[in-house]
Structure formats: C-alpha cells, structure tokens
Amino acid sequence: MSAPTQQSRLLDEEWVAAWFFPRNGETDAVQSLRDKADGTFAVWDQDPSNLALLFRFGDRTHSRNIRTTDGFVLQNSSLVFDRLTDLLFFYSGPLRKEEKDLPCKLRLPGRQLIVDARPPNTRSGPGSPASAA
C-alpha cells in the first residue's frame, strides 16, 4: 500500500473533525448530536487518559468513557483496540446478542476514500509496466 497523499490525509482530518472534539469540547460535541438519528456519535477528549463517547439512542444523548492508557477500551468492556478508529468501526458493525456494551450500533459519518493513483508506468514490481521494460 502506498503512503497517504496530502489530499488523503486532509480528507482523513476532515472525517475525524466531523466527530472528534478537543478537550473542553463537550458542549460542542453534545450540540452536534442534537436531533440526530440513533447511533450518531461524537468523541471528545475528556482528560489525558480518557475520551468520552457520546451517542444518540432513544431520543437521548448517552455517554460512555473510553480508557486510553493501554489501548482503547470502552467502559464496561473487556475488548481492547489499538486505535480509536478500530473501536468505532467495531461498534458500527452488527451487534451480537451477547454484546451489551452499547444499546445500538454506531453510525459512521460518510467518508470519501481517495486512492493514491499513480500512472501505471511509475509503479514497480513483478508484472508492472515498469518492470517489464
């Protein structure tokens, strides 16, 4: 996989900015969820070792802590994730009946993926036009 381009990094930052709020951003995070659908979420930087996951469910905004000292661990869960986005993607998938960490799955905001598209003649490796020459 190629290194991310400046454009793809910018899109990642914009995608994260849609749901991540810095320290002292609780009011903005809560406001961003007002009148949103179940599963819509925001994360804010609560303190150096905790984040807060805010999400809509049943016409209310709920909160769960995410401990960040040894990976990312959702409150009342034993699952440990290497990255915050791994945790969010996991909880946006189908919830198993035994999974009681959240009452609903998270709704990931839309994200446009851009692949670093280089002309075929600049790629190297077996089978590529550059290696065939």
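This text goes through a predicted model, first as a whole chain and then around strand β3.

The protein holds four helices and five strands. Read from the N terminus, their order is α-β-α-β-β-β-β-α-α. The chain has 133 residues, and 32% of them are buried. Its accessible surface is about 8800 Å², with carbon and sulfur atoms accounting for 51%. As for contacts along the sequence, take those between residues at least 6 apart: 31% of these join residues at least 24 apart.

Strand β3 covers residues 50–57. Is this strand mostly covered or mostly open? Seven of its eight residues are buried, where buried stands for a relative accessible area under 20%.

Strand β3 pairs with β2 and also with β4. Strand β2, residues 41–47, runs antiparallel to β3, and six bridges join the two. Trp-44 gives a point of reference here, as it stands opposite Ala-52 of β3. The connection between β2 and β3 is a hairpin with two residues between the strands.

Strand β4 takes up residues 60–67. Its pairing with β3 is likewise antiparallel, over eight bridges. Within this pairing, Arg-56 has Thr-61 in β4 as its bridge partner. β3 and β4 also form a hairpin, again with two residues between the strands. Which residue in this hairpin takes a positive phi? It is Gly-58, with a phi near 60°.

Taken in sequence, then, β2 leads into β3 through one hairpin, and β3 forms another with β4.

Notes: Residues numbered from 1 in each chain as written. Predicted model: local features only at pLDDT ≥ 70, side-chain atom pairs only at ≥ 80, totals over all residues. Heavy atoms only, no water. Buried < 20%, exposed > 50% of the residue type's maximum accessible area, 1.4 Å probe, protein only. Contact = heavy atoms within 4.5 Å. Areas by Shrake-Rupley, 256 points an atom, 1.4 Å probe, with all protein chains shown as cover. Pairing = 2+ DSSP bridges.
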